[in-house]
Amino acid sequence: LVQYVVRCTEDEKFLLTFVILKLRLIAGKCILFVNDIDRCYRLKLFLEQFSIRACVLNSELPLNSRYHIVEEFNRGVYDYIIATDESDKMGEGDDSEDEAKEKEKEAAEKPDKRKKRKRAQDKEYGVSRGIDFKGVAAVVNFDFPQSARAYTHRVGRTARAGSRGMSLSFISTEDARPQHQQQDEQVFERVVKQQQKRGSEIQPYKFDMKQVDGFRYRATDALRAVTRSAIREARVKEIKHEILNSDKLKSHFEDKPKDLQFLRHDTELRPSQVMQHMKRIPDYLLPKIAGIAQADGIATTPDVGFVPFNKPGKGDRRRKGPRRPRKGADPLKSLGKKKRRT
C-alpha cells in the first residue's frame, strides 16, 4: 500500500479530483470518501458536469439498494463510488477514555430537544469497514477522516489479499471553517504516528499545479452550477429513485433475476446542467504526462500525414449532366440550336 497526502485549498480538491478521474491517472476502481451526505451529492453533481459517472453510497439509501450497488461495483459495472463515512457520528472515534467520559457527561446534560433534531442513523451502515469491496485499486480521502481509526479502515479497502493499492488524502489548507482545518491537522499527526508504528509512511504527493492551470476555469464554472438548492433537489431525487429501485428489487427481480443487470445506480441527477463543451478536453489543455492519450473524452488530433489538395483520380472523372455555358457566350444564340442525338 502506497500512501500519499496533498495539501490544497477547497477548490483545488475538486480540481485535482476532476483531472485525476477524467485523465484516467488512476487505473481501476476507486472509492472516494467524504464526511457528509451533502458533500457526497456536491461531488457527484460536480463530476456530472464533465460526464464522469459515479455511484452514491450513504445511510439514507435503502438497504437493498446499498447491497446492490456494492455487488455491482465488485462485478466491475461501476468504476467510482462516492461513499459517505459517518463513523464519527456512530461514536467510533479514537479518543481517550477521559475524553469519552467527558463527552458522555456533556451529552447527558444537553436538553432533549437537540436529540430530536438529529437524523436517525442506520446502525447497519458502515462504509469504511464491514463491507467487502473487491478489486479496489485506489482510495481517495476527499475529506480527511476525523479519526485515525477511520483512516485505517478507509485505506484498508484497497491493497487486500496481497494486491497493490494506493491511497490519496486531501488536507484543506484554506477552509471556510477554521475548526475543521485545525482538526484535520491534529488527526493527520495521529495518523502519521500510527502508520510509523506499523512501518508505513505517508509521502507528500508532488503535483505540479502549473500542469492543470488550464482546467481551473472549467472546475470553477462547474462548482458555480452546484448550488445548495441543486444539492437538496438531487438528494431528494436520488432517495425517491432508490426507493423505487428497492421496491423493484423486492418484487420484480425475484421472478426475473436476469433483469437486475439493467438497473443502474449512476444515472445523472441534473442532466440539464451538463454543458456539452465540458464533456471533452481539447488537446491543448492536456498536461505533459505520459499515458493519458487513451483517456475518455479527450479530443486528440490523429496523425494522418500529408493530405493533398485534390483527391487522387478526381481529374479523370467526367462531369455528368448538362454543360455550363462558357464565359462570354451569348445565351440568346443557343436557344434556337437543337440538340444533336448521339
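Contact here means heavy atoms within 4.5 Å. Helices (H or I, at least four residues) and strands (E, at least two) are DSSP runs, numbered from the N terminus.

This is a predicted model, in which local features need pLDDT of at least 70, side-chain atom pairs count only at pLDDT 80 or more, and totals for chains, interfaces and linings use all residues. Residues are numbered from 1 along each chain as its sequence is written, and side-chain values use heavy atoms, with hydrogens and water left out.

**The protein as a whole**

The protein has eleven helices and nine strands. Of its 342 residues, 39% count as buried (under 20% relative accessible area; exposed is over 50% and partly exposed is in between, with a 1.4 Å probe and protein chains only). Among the contacts in the protein with a separation of 6 or more, 80% come from residues 24 or more positions apart.

The predictor's confidence in each residue is given as pLDDT, from 0 to 100. Its mean for the protein is 76, and 60% of the residues reach 70 or more. Residues 96–103 have a pLDDT below 50, and beyond near neighbours in sequence this stretch has one contact in the model. Residues 112–120 also have a pLDDT below 50; beyond near neighbours in sequence, that stretch has six contacts in the model.

**Helix H1 and its partners**

Two packed helices are described by the angle between their axes and the distance between the axes. Axes are lines fitted to C-alpha atoms, for helices over the stretch in contact, and angles run from 0 to 180 degrees between N-to-C directions. Angles under 35 degrees count as roughly parallel, over 145 as roughly antiparallel, 65 to 115 as roughly perpendicular and the rest as oblique.

Helix H1 (residues 10–22) and helix H8 (residues 216–225) have axes that come within 10 Å and cross at roughly 110°. H1 is therefore roughly perpendicular to H8. The crossing is right-handed (the near helix is turned clockwise from the far one by less than a right angle; anticlockwise would be left-handed). On the H1 side, Asp11, Glu12, Phe14 and Leu15 meet Arg216, Ala219 and Leu223 of H8. This contact of H1 with H8 has four nonpolar, no polar and three charged residues. In these classes, Ala, Val, Leu, Ile, Met, Phe, Trp, Tyr, Cys and Pro count as nonpolar, Asp, Glu, Lys and Arg as charged, and the others, Gly among them, as polar.

H1 also packs with helix H2 (residues 37–48), at an angle of about 50° and with the axes 11 Å apart. H1 and H2 are therefore oblique to each other, and their crossing is right-handed. Glu10, Lys13, Phe14, Thr17, Phe18 and Leu21 in H1 meet Arg39, Arg42, Leu43, Phe46 and Leu47 in H2. Six nonpolar, one polar and four charged residues make up the contact of H1 with H2.

**Three loop residues**

| Residue | Loop | Relative accessible area |
|---|---|---|
| Arg24 | between H1 and strand E2 (29–34) | 35%, partly exposed |
| Asp79 | between helix H3 (63–75) and strand E4 (80–84) | 30%, partly exposed |
| Ala159 | between helix H6 (148–155) and strand E6 (166–172) | 25%, partly exposed |

Arg24 has a phi near 55°, a positive value in a residue other than glycine. Ala159 has a phi near 55° as well, again positive in a residue other than glycine.

Which residues does Asp79 contact, leaving aside its neighbours within four places in sequence? They are Arg24, Gly28, Lys29, Cys30 and Phe73. Asp79 and Cys30 are 49 residues apart in sequence, and their C-alpha atoms are 6.2 Å apart in space.
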